[in-house]
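Good morning, colleagues. I shall take you through one structure, going from its helices to its aromatic rings and then to a few single residues.

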Amino acid sequence: MSAIFKRDLRAYFKSPLGYVYLAAFLLVLNIYFYVNNVYIGSSSLDGIFSFIVTMCVFLIPILTMRTFSEDYKQKTDQLLFTAPVRLTGIVMGKFLAALVVFLLGILITVVYMVIVSSWGTLELATVIGNYIAICATAMAFISIGVFISSLTQNQLVACIATVGTFLALYLMDYSYSLMNATWAKNLIYYFSMFRRYQDFAQGIFSFADLIFYLSVAGTFVFLTVRLLERKRWS
């Protein structure tokens with residue numbers, strides 16, 4: 001697994017992809033922080049983390065589109081399948097490489113805490129809770145992106161399909177407020193990827209929601225491994 005992880009992590013920065021992702025992430029996040037914190041003098045960072053979850057819809061597909069699609073296109077997938085590495089290790093190596101690049105972008109928020117603490121008081125427990133939650137949420141999104149990438153050899157198709165999937169989940173959450181039936185609201189919340197995060201943003205640490213995100217990540221990693229097993233023997 002470590003060899004796949006190192007290979008894929010290096011690949012992000014041997015091409016413009018990693019730099020483009022981080023530049024886009026930091027540009028948008030810095031603008032949001034300036035408008036919502038610096039300009040009005042707010043010491044609350046809750047909105048930052050909620051905004052990062054929304055950014056995942058468009059940025060994580062950029063990270064995950066190449067995970068397997070590139071190997072399919074370059075015909076290096078057969079080398080992976082015949083390497084003395086378990087398929088679980090291959091999937092986890094690629095998954096963790098994408099997660100590390102995502103977390104590199106999150107590091108900028110540490111600077112935000114230093115800036116905000118100069119004029120206000122930070123609720124450290126809430127901030128730590130949000131960091132844990134955003135990592136779990138990113139794991140869920142990345143696992144979905146990796147799974148979709150394993151379905152096609154075209155990176156653009158993988159990216160568009162992942163964005164479409166995330167937008168569908170976002171619109172499903174949006175329909176929550178339009179529903180009148182309690183059972184419908186409960187069903188939407190059960191599968192919600194975005195609404196569940198609101199408790200964390202408001203300072204409420206929910207272990208049930210944390211387990212949900214980790215379960216989604218585990219499920220899609222498992223599905224990716226099963227898909228690769230079929231490809232290996234086909």
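Let me begin with a definition: the expected span of a helix is 1.5 Å times one less than its number of residues. Helices here are DSSP runs (H or I, at least four residues), numbered from the N terminus. The model is a predicted one, in which local features need pLDDT of at least 70 and side-chain atom pairs count only at pLDDT 80 or more, while totals for chains, interfaces and linings use all residues. Residues are numbered from 1 along each chain as its sequence is written, and side-chain values use heavy atoms, with hydrogens and water left out.

With that in hand, please look at helix 12, residues 207-233. Its 27 residues reach 39 Å from the first C-alpha to the last, close to the 39 Å expected at 1.5 Å a residue. Several of its residues are buried, among them D209, L210, F212, Y213 and V216. Buried means under 20% relative accessible area, exposed means over 50%, and partly exposed lies in between, with a 1.4 Å probe and protein chains only.

Helix 6 can be treated in the same manner. Its 20 residues should span 28 Å at 1.5 Å a residue, and its end C-alpha atoms, 29 Å apart, agree with this. Helix 6 is mostly covered, with 14 of its 20 residues buried.

How does helix 6 pack with helix 2? Two packed helices are described by the angle between their axes and the distance between the axes. For helix 2 and helix 6 (residues 87-106), the angle is about 35° and the axes are 9 Å apart. Axes here are lines fitted to C-alpha atoms, for helices over the stretch in contact, and angles run from 0 to 180 degrees between N-to-C directions. Helix 2 passes helix 6 in a right-handed crossing; a crossing is right-handed if the near helix is turned clockwise from the far one by less than a right angle, and left-handed if anticlockwise. Where they meet, helix 2 brings Y21, L22, F25 and L26, and helix 6 brings V101, F102, L104, G105 and I106.

I turn now to the aromatic rings. A search of the whole structure finds 15 aromatic pairs. Rings of Phe, Tyr and Trp (its six-membered ring) pair if their centres lie within 6.5 Å; planes under 30 degrees apart count as stacked, over 60 as edge-to-face and the rest as tilted. One of the pairs is F33 with Y112, which is stacked, at 4.0 Å centre to centre and 10° between the planes. This pair links distant parts of the chain, since F33 belongs to helix 2 (residues 16-38) and Y112 to helix 7 (residues 108-117), 79 residues apart. Both F33 and Y112 are buried.

A tilted pair is formed by Y197 and F200, with 5.7 Å between centres and 45° between the planes. Y197 and F200 both lie in helix 11 (residues 197-201), 3 residues apart, about one turn of the helix. Y197 is buried, as is F200. In addition, F141, F166, Y170 and F194 form one aromatic cluster.

Rings also receive charges. A charge sits over a ring if NZ of Lys or CZ of Arg is within 6 Å of the ring centre and within 35 degrees of the ring normal. The charged end of R196 sits over the ring of F212, 3.9 Å from its centre. For R66, the ring beneath the charged end is that of Y12, with 5.0 Å to the centre.

Finally, some single residues. Is F68, in the loop between helix 3 (46-64) and helix 4 (69-74), buried or exposed? F68 is buried, with a relative accessible area of 2%. Leaving aside neighbours within four places in sequence, F68 is in contact (heavy atoms within 4.5 Å) with residues including I90, V91, K94, T224 and L228.

K75, by contrast, counts as exposed, at 58% relative accessibility. K75 is placed in the loop between helix 4 and helix 5 (77-82), and has a positive phi of about 60° although it is not a glycine.

I144, in helix 8 (residues 124-149), counts as buried because its relative accessibility is 6%. Outside its neighbours within four places in sequence, I144 is in contact with T165, F166, M193, V216 and F220. V216 lies in helix 12, which returns us to the helix shown at the start. With its own neighbours within four places left aside, V216 is in contact with A140, S143, I144 and M193.

Note on methods. Helices (H or I, at least four residues) and strands (E, at least two) are DSSP runs, numbered from the N terminus.
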